[in-house]
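User: Hi, I've got a model open and I'm a bit lost. Can you walk me through a few parts of it?

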Amino acid sequence: MKVRELAVSGAYEFSPDVHRDERGAFVAHYTEAAFTAAVGHPLRLGQNHHSVSRRGTVRGVHYADVPPGQAKMVTCTSGELLDVVVDLRVGSPTYGHWDSVRLDPVSYRAVYLEEGLGHAFIALRDDTVAAYLNSAEYNPGAEHEINPFDPALGLPWPTDLEYLVSQRDRNAPGLAEAERAGLLPSYEVCRALHPRRD
């Protein structure tokens, strides 16, 4: 398992070993030992779910109130997607920054993001399946969104696709508006959930 910290602190790309033979392939996206060694704590599992998306579907930028927050490990089991992590933690050194990783069932990469980070993706093919391991169950009252087309963020959506976006995401506030309204998580509160090993 290779692990790379992304440009947003608290977000990681996992590239697992792929074991192939004449039958196909076997991959372990998550092992507690490798994950804990890289991130500094195990992944608490509160919910597992997946979404199926048409080409051009944009989902996000989504985040949850902290506490408790919702950490996520995301993989793509069919199709292909561009996964995006956005730092929404007010006071973070990387606040407002983003990073992206292409996920597909060939490389089998996965992205992990800690509580307080925003998550979005765009499906690059029809029938793209994103699979999630979440640290907490979905709580509609604690879930929020940032507009994925906020020009202040400048997220890396391909320009050759027709975007399919929910009304909830299309009407979401931009980053600055959400900050002014006090809707964003605090970096210090998020850090307290997983003290760093310095």
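User: How many bridges join E6 to strand E11, and do they run parallel or antiparallel?
Analyst: 4 bridges join E6 to E11 (residues 117–123), and the two run antiparallel. Strands pair if DSSP finds at least two bridges between them. Strands (E, at least two residues) and helices (H or I, at least four) are DSSP runs, numbered from the N terminus.

User: Anything I should know about the model itself?
Analyst: This is a predicted model: local features need pLDDT of at least 70, side-chain atom pairs count only at pLDDT 80 or more, and totals for chains, interfaces and linings use all residues. Residues are numbered from 1 along each chain as its sequence is written, and side-chain values use heavy atoms, without hydrogens or water.

User: Back to E6. Which residue stands opposite histidine 62 in E11?
Analyst: Histidine 119.

User: What about E13 and E14?
Analyst: E13 (residues 143–145) runs antiparallel to E6, with 3 bridges. There, alanine 64 stands opposite glutamate 143. E14 (residues 164–165) runs parallel to E6, with 2 bridges. Valine 58 has valine 165 as its bridge partner in E14.

User: Is E6 mostly covered or open?
Analyst: Mostly covered. E6 spans residues 57–64, and 7 of its 8 residues are buried. Buried means under 20% relative accessible area, exposed over 50%, partly exposed in between (1.4 Å probe, protein chains only).

User: New topic: where is histidine 194?
Analyst: In the segment after helix H4 (187–193).

User: Why does histidine 194 count as buried?
Analyst: Because its relative accessible area is 16%.

User: What is histidine 194 in contact with?
Analyst: Leaving aside neighbours within four places in sequence, histidine 194 is in contact with His41, Glu114 and Glu115. Contact means heavy atoms within 4.5 Å.
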